[in-house]
Amino acid sequence: AQVVPAICSDTNGTQWYIDHGENGYIFESDNKDDLMKKIRLMVDNRESIINMGYQSRKKVENNHLPKHFYFKFCSMIDTLKQ
């Protein structure tokens with residue numbers, strides 16, 4: 001599966017999955033100029049898109065696979081038991 005960089009607004013919950021400049025860009029909500037700036041960054045730096053996609057995949061594999069949620073959930077349950 002291919003993972004790609006993302007662009008989202010700072011008022012979107014998706015922003016918590018993006019490390020700005022590392023695996024995507026976050027633009028100011030309701031700011032067309034900032035959105036265009038972020039799109040231009042990707043278009044003008046196509047080589048970075050490959051690296052950003054790699055970083056997105058790495059972030060998913062390290063933090064967002066079902067096994068990670070399972071272990072975090074179990075840890076929360078254990079904490080509640082104490």
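A residue counts as exposed here when its relative accessible area is over 50%, and as buried when that area is under 20%, with partly exposed in between. Keep those cut-offs in mind as you walk through this predicted model.

**Stop 1: Lys32**

Select K32, which you will find in helix α1. Its relative accessibility is 70%, so K32 counts as exposed. Now add I7 to the selection and draw a distance between the two C-alpha atoms: K32 and I7 lie 13 Å apart in space, with a sequence separation of 25 residues.

**Stop 2: along helix α1**

Stay on α1, which covers residues 32-44, and show the side chains of K38 and D34. They form a salt bridge, with 2.5 Å from N to O. Why are K38 and D34 about one helical turn apart? Because they sit four residues from each other in the helix. Both residues of this pair are buried.

Next, pick R40 and D44, whose side chains also meet in a salt bridge, this one at 3.5 Å from N to O. R40 and D44 are likewise four residues apart in α1, which means a separation of about one helical turn. Colour them by accessibility and you get 46% for R40, which counts as partly exposed, and 48% for D44, which is partly exposed too.

**Stop 3: helix α2**

Move on to α2, residues 46-63. How far apart should the ends of this helix be, given its 18 residues? At 1.5 Å a residue the expected span is 26 Å, and the end C-alpha atoms are indeed 26 Å apart, so expectation and model agree.

Now select M52, G53, Q55, S56 and K59, the buried residues of α2. Turn the view until you look down the helix axis: the buried residues fall within an arc of 165 degrees, so they line one face of the helix. Then select E47 and I50, which are exposed on the other side of α2.

**Stop 4: a link from α2 to a loop**

Keep K59 and add D19. Their side chains meet in a salt bridge at 3.0 Å, N to O. This pair ties together distant parts of the chain: K59 belongs to helix α2, while D19 lies in the loop between β1 (6-9) and β2 (24-27), 40 residues away in sequence. Is each partner buried or partly exposed? K59 has 16% relative accessibility, so it counts as buried, whereas D19, at 30%, is partly exposed. Taking the structure as a whole, there are four salt bridges.

**Stop 5: helix α3 and a nonpolar patch**

Switch to a surface view and select F73, M76, I77 and L80. Together these side chains make a nonpolar surface patch of about 430 Å². To place the patch on the fold, note that M76 is found in helix α3, residues 66-81.

**Stop 6: the cysteines**

Finish by selecting C8 and C74. C8 has 5% relative accessibility and so counts as buried, while C74, with a relative accessible area of 25%, is partly exposed. A disulfide is a covalent bond between the sulfur atoms of two cysteines. How many disulfides does a search of the whole structure find? The count is zero.

How values were computed:
Residues are numbered from 1 along each chain as its sequence is written. This is a predicted model: local features need pLDDT of at least 70, side-chain atom pairs count only at pLDDT 80 or more; totals for chains, interfaces and linings use all residues. Side-chain values use heavy atoms; hydrogens and water are left out. Patches are made of residues with over 30% relative accessible area and no salt bridge: like charges are joined within 9 Å, nonpolar side chains (Val, Leu, Ile, Met, Phe, Trp, Tyr) within 5 Å. Accessible areas come from the Shrake-Rupley method with a 1.4 Å probe; for residues, only the protein chains shown count as cover. Helices (H or I, at least four residues) and strands (E, at least two) are DSSP runs, numbered from the N terminus. A disulfide is a pair of cysteine sulfur atoms within 2.5 Å. Buried means under 20% relative accessible area, exposed over 50%, partly exposed in between (1.4 Å probe, protein chains only). The expected span of a helix is 1.5 Å times one less than its number of residues. The arc is that of the directions from the helix axis to the C-beta atoms.
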